[in-house]
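Hi everyone, thanks for making time. I'd like to walk you through a structure that's probably new to most of you, so have a look at the screen and we'll go through it together.

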Amino acid sequence: MIRSDEFYMHRAMDQAHLAFTNGEVPVGAVVVDTQGEIIGAGHNAPLASCDPSGHAEVRALREAGQRLGNYRLEGCTLFVTLEPCMMCAGTMVHARIARLVYGAPEPRTGMVESKANLLAQPWFNHQIEITGGVLAVPAKRLLKQFFAEKR
């Protein structure tokens, strides 16, 4: 059953809270298939995994690919609490994600709309539909809380 963008973004927020609890920047993501089932979930864990690619989006996409037995996730939607960086945007193109839904904008490194519009470039062989700002306020609040506690 397909549910609202807010429903799935709340699941991504659950993942962001896991990252927060583990001392990682609180970003979370889920991948949803065409039937509305969550097939991948991830939260930021580059510190714990000693992996610079340990971003929430990459981890959720990896889990979804393993579950489907295919790195191409055609028709799937990625929900993430923060606007993706360049690495994550490129990974989404390679995965053939149909749609990206994100929460808070990332004014310093956001490569979807804030710093660049990477996914709209005509040289990519795949285009992704984008919806931004879903649950942006609670996503931004969690990030601010995290960084305030670090200072």
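Let me begin with a pair of cysteines. Cys85 has Cys88 as its closest cysteine partner, with the two sulfurs 3.7 Å apart, and that's too far for a bond. A disulfide would need the sulfur atoms within 2.5 Å. Turn it around and you get the matching picture: from the sulfur of Cys88, the closest cysteine sulfur is the one in Cys85, at 3.7 Å, again too far for a bond. And how many disulfides does the count come to? Zero. I should say right away that what you're looking at is a predicted model.

While we're on those two, are they buried or exposed? Cys85 counts as buried because its relative accessibility is 16%, and the cut-off for buried is under 20%. Cys88 is buried as well, with a relative accessibility of 0%.

Okay, on to the sheet. It's an open sheet of five strands, and if you read across it the order goes 2-1-3-4-5, with mixed pairing. At the edges you'll find strand 2, residues 38–43, and strand 5, residues 129–131, each of them pairing on one side only. Ignoring direction, neighbouring strands here are turned by 15° against each other on average.

Now let's go through some of the pairings. Strand 1 and strand 3 run antiparallel, joined by four bridges. If you want a spot to look at, find Val31: its bridge partner in strand 3 is Leu78. Next, strand 3 pairs with strand 4 in the parallel sense, over five bridges. There, Phe79 has Val101 as its bridge partner in strand 4. Val101 turns up again on the way to the edge, since its bridge partner in strand 5 is Thr131. Strand 4, residues 99–104, is parallel to strand 5, and three bridges join them.

How do you get from strand 3 to strand 4? Well, the two strands make a right-handed β-α-β unit together with helix 4, which is residues 86–95.

Let's stay with strand 3 for a moment. It's mostly covered: six of its six residues are buried. One residue I'd zoom in on is Thr81, which sits in that strand. Thr81 counts as buried because its relative accessibility is just 2%. So what does Thr81 touch? Leaving out residues up to four places away in sequence, its contacts include Met9, Ala12, Met13 and Ala16, along with Pro26, Val27 and Gly28, and also Gly103, Ala104 and Ala139.

Then there's helix 1, residues 5–21. This helix lies across strand 1, strand 2, strand 3, strand 4 and strand 5, and runs at about 140° to strand 1.

For one last residue, take Glu6, which is found in helix 1. Glu6 has a relative accessible area of 40%, so it counts as partly exposed. Setting aside neighbours within four places in sequence, Glu6 is in contact with Val134 and Leu135. And here's a distance you can check on screen: Glu6 and Gly28 are 22 residues apart along the chain, and their C-alpha atoms are separated by 14 Å.

That's my tour, so let's open it up for discussion.

Technical notes:
Residues are numbered from 1 along each chain as its sequence is written. This is a predicted model: local features need pLDDT of at least 70, side-chain atom pairs count only at pLDDT 80 or more; totals for chains, interfaces and linings use all residues. Side-chain values use heavy atoms; hydrogens and water are left out. Buried means under 20% relative accessible area, exposed over 50%, partly exposed in between (1.4 Å probe, protein chains only). Two strands pair if DSSP finds at least two bridges between them. Axes are lines fitted to C-alpha atoms, for helices over the stretch in contact, and angles run from 0 to 180 degrees between N-to-C directions. Contact means heavy atoms within 4.5 Å. A crossover is right-handed if, with the strands pointing away from the viewer, the path from the first strand over the helix to the second runs clockwise.
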